[in-house]
Amino acid sequence: MELKVSKVSALKGTIEVPGDKSISHRTLILGAIAEGETRISGFLSSNDCLSTLNCLMSLGVEIERLNSTNLLVKGVGLRGLKEAGKVLDAGNSGTTIRILPGILVGQNFSSVLTGDSSLRRRPMNRIIEPLRLMGADIWATDEKNHAPIAIKGGPLKGILYETSIPSAQVKSCILLAGLLADGKTCLKEKVKSRDHTERLLKFLGASIEVNDNKVCVQGGQKFSGGKIKIPGDFSSASFLMAAALLIKDSEIIIKDVGVNSTRTGFLNVLLEMGADIDVFNERMISGEPWADIWVRTSKLKAGAVAGDVIPKIVDELPILSVVATQAKGTTIVRGARELRVKETDRIKAICSELKKMGANIEEFEDGFAIHGPSSLKSAQCFSFGDHRMAMALTVAGMCAGGVTTIQDSECIDVSFPGFKEVLNSLIKEKVI
Ligand code: S3P
């Protein structure tokens, strides 16, 4: 599907964004292995989360979809999953294919997981290696450690594992395998990645020790299901925040957004760049911080992104690059090599597509530099099947003269179904 976008005059209004993707996956997975029922509200019914839901249903978990955002998961306990009898399809979802093996390696049956062509190009060694150290029988079907992944369930032993790349998917996978292992499992990260799994385990009554960047769980412990309310996804909100900052005379409020500090690096970088943003009405719900976010059009100066902030902003770097084209000075992003192994090579995609639109951008192996401001012009852009690229380019198109087209825009449904409708509700012209 091709999306056509043209320049808009202003964004105004109060809106909500769909539920957090990372938390939606985790509520399903933890709800499935909990004792008793878990009631979920604010669930993100996007393609990625539905991949996790379908895999769990294939593994014998009963999940009732009361409506698109309210679900009831009937937990089967740590060892109550059933052999799927078919290949589990994670679609485009890295979170599904990297976290589910954590619970499958400890069952008494075999499983095979695969995904779409993008997912089958992404590295899986990062979970295979630590799971093998725990005694798991898991292997990838090619020498580059890409999916499909095959697993023969069996006994596991606890380990202490230090990750070289901060990754919440790896951390969650190992912690869940730790619940099924003998003894204690600890995971240490150089920089803390998003901590939704730890918070949710705690919220459901599991015992988990967290000391700075080290997390430990004791194997064999049971925990109960509960009632979980999921906040709006900060990553989805980031596209609206950027549009409101860049488009003249805008003023919007995004309500009920998750503002977990392991996710909000984009907010901190924007504030350093001079953005007029207020975070208010902060409160805790189901173990996660929520807030409302007020954004007004702002004159921005260049920013710098490197080091420990990277895991907290990793999904927002495509939209930050669009913001940087409108900021005065040179914005530099370094230490973000992980972008090369996301849904597409995001460094390459950002550079090629923004260059077409007139941005002054330099590509590095681990990031990019953008010299701003430049006036953007319309172009024929590709999303490369990557939802965050498609949405970032939509915002770029809203700032550019002429009509920008974005090919393969249906991938937006991976994380933000209703993106176009939410944007249209904030603008007069209905130009996308
Ligand atoms: C996610 C973790 C991040 C992030 C991805 C979602 C998660 O990936 O980029 O969109 O839900 O755990 P990594 O764990 O590979 O950093």
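Here are three exercises on the ligand site and the backbone of this predicted model, each with a worked solution.

Before you start: residues are numbered from 1 along each chain as its sequence is written, and side-chain values use heavy atoms, with hydrogens and water left out. Because the model is predicted, local features need pLDDT of at least 70 and side-chain atom pairs count only at pLDDT 80 or more, while totals for chains, interfaces and linings use all residues.

**Exercise 1. Find the residues around the ligand and sort them by class and domain.**

Step 1: Collect the residues near the ligand, meaning those with a heavy atom within 4 Å of it. You should get S22, R26, T95, R98, P166, S167, A168, Q169, R194, V314, D315 and K342.

Step 2: Sort them, with Ala, Val, Leu, Ile, Met, Phe, Trp, Tyr, Cys and Pro as nonpolar, Asp, Glu, Lys and Arg as charged, and the others, Gly among them, as polar. That gives three nonpolar, four polar and five charged residues.

Step 3: Check the domains, whose bounds come from an automatic or database domain assignment. Domain 1 (3–19 + 231–425) and domain 2 (21–229) each supply at least three residues of the shell.

**Exercise 2. Work out which polar contacts the ligand oxygens make, and how much of the ligand is buried.**

Step 1: Look for pairs of N or O atoms within 3.5 Å. The side chain of S22 puts an N or O atom 2.7 Å from a ligand oxygen. For T95, a polar side-chain atom sits 3.3 Å from a ligand oxygen. A168 uses its backbone instead, with an N or O atom 3.0 Å from an oxygen of the ligand.

Step 2: Now the area, by the Shrake-Rupley method with a 1.4 Å probe. The ligand on its own exposes 390 Å², and the protein buries 93% of that.

Step 3: Ask which elements give two or more residues to the shell, taking helices (H or I, at least four residues) and strands (E, at least two) as DSSP runs numbered from the N terminus. They are α1 (21–33), α3 (94–104) and α5 (168–180).

**Exercise 3. Track down the cis peptide bonds and the positive phi values outside glycine.**

Step 1: Scan omega. A147 and P148 are joined by a cis bond, omega about 5 degrees, and P148 sits in the loop between β8 (137–140) and β9 (149–152). G372 and P373 are also joined in cis, omega about -5 degrees; P373 lies in the loop between β21 (367–372) and β22 (380–382).

Step 2: Scan phi. D249 comes out at about 65 degrees, in the loop between α7 (234–246) and β15 (251–258). D408 is near 55 degrees, in the loop between β23 (403–407) and α13 (419–426).

How values were computed:
Polar contact = N/O pair within 3.5 Å; in protein donor to acceptor, adjacent residues only side chain to side chain.
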